[in-house]
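Hi,

Here is the structure I said I would pass on. Have a look at it first, and then read my notes below.

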Amino acid sequence: MEITCLFFDYVVSGYLGEANFIDVTLGFVVGMIAWLLIIYEIFKGEASKINAGSANEACQKAFNALRLIVTIGWAIYPIGYFWGYLLESANVNAVNIIYNY
């Protein structure tokens, strides 16, 4: 599966849920599935296999940095979405704090 399509699904589903075009839970679930598929792709999928076959050490280091950014850095969005839209005490200000600080 193309990572670009998954990224599009990840971002758009979250937006649609936040903007109330679709149910917020549906937006969260679709976004999380897309994010988990992206993580799978860079750890076990075709992208990972291509990187493993590369003899270029600098490329492999950059790919490992990409793995950390996508796994840890992108975790901010689902955490903020969950905290701001799915909890009983949902608060848009909490979302802004999580996303921006």
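**What I found**

Of the chain's 101 residues, 30% count as buried. Do keep in mind that this is a predicted model.

Let me start with the overall layout. The chain has 6 helices and 0 strands, so reading from the N terminus the elements go α-α-α-α-α-α. The C-alpha trace spans about 50 × 30 × 15 Å along its principal axes. As for contacts, if you take those between residues at least 6 apart in sequence, 56% of them join residues at least 24 apart. The accessible surface comes to about 6,700 Å², and carbon and sulfur atoms account for 68% of that surface.

Now for the inside. The largest nonpolar core has 15 residues, and Trp35 and Val70 are the ones with the most contacts within this core. Which elements give two or more residues to it? They are helix H1 (3-18), helix H2 (24-43) and helix H4 (57-72). H2 gives the most, with 8 residues. If you want a place to begin clicking, try Val70: leaving aside neighbours within four places in sequence, Val70 is in contact with Trp35, Ile38, Ile39, Ile42 and Ala75.

Helix H2 has something to show on the outside too. Leu37 lies in this helix, and together with Val29 and Ile33 it makes a nonpolar surface patch of about 230 Å². Why can Leu37 be part of a surface patch? Its relative accessible area is 35%, so Leu37 is partly exposed, and that is over the 30% that a patch residue needs.

Next, helix H5, which covers residues 76-86. Its buried residues are Pro78, Gly80, Tyr81 and Gly84. Seen down the axis of H5, these buried residues fall within an arc of 160°, so they line one face of the helix.

On to charges. How many salt bridges does a search of the whole structure find? The search finds 1. In that salt bridge the side chains of Lys61 and Glu57 meet, at 3.6 Å from N to O. The two residues are 4 apart in helix H4, so about one helical turn separates them. Lys61 is exposed, and Glu57 is exposed as well.

One backbone detail is worth a look. Most residues other than glycine have a negative phi. Asn20, though not a glycine, has a positive phi of about 65°. You will find Asn20 in the loop between H1 and H2. Is Asn20 buried or exposed? With a relative accessible area of 61%, Asn20 is exposed.

Last, a residue to use as a landmark. Ile50 is found in helix H3, residues 46-52. Ile50 has 56% relative accessibility, so this isoleucine counts as exposed; the cut-off for exposed is over 50%. How far is Ile50 from Ala94 in space, C-alpha to C-alpha? The two are 40 Å apart, and their positions lie 44 residues apart in sequence numbering.

If you only have a minute, I would look at Val70 and its contacts with residues including Trp35 and Ile38, then at the patch made by Val29, Ile33 and Leu37, and then at Asn20 with its positive phi.

Cheers

Definitions and conventions. Residues are numbered from 1 along each chain as its sequence is written. This is a predicted model: local features need pLDDT of at least 70, side-chain atom pairs count only at pLDDT 80 or more; totals for chains, interfaces and linings use all residues. Side-chain values use heavy atoms; hydrogens and water are left out. A nonpolar core is a set of buried Ala, Val, Leu, Ile, Met, Phe, Trp, Tyr and Cys residues joined through side-chain atoms within 4.5 Å. Buried means under 20% relative accessible area, exposed over 50%, partly exposed in between (1.4 Å probe, protein chains only). Contact means heavy atoms within 4.5 Å. Patches are made of residues with over 30% relative accessible area and no salt bridge: like charges are joined within 9 Å, nonpolar side chains (Val, Leu, Ile, Met, Phe, Trp, Tyr) within 5 Å. Accessible areas come from the Shrake-Rupley method with a 1.4 Å probe; for residues, only the protein chains shown count as cover. A salt bridge is a side-chain nitrogen of Lys or Arg within 4 Å of a carboxyl oxygen of Asp or Glu. The arc is that of the directions from the helix axis to the C-beta atoms.
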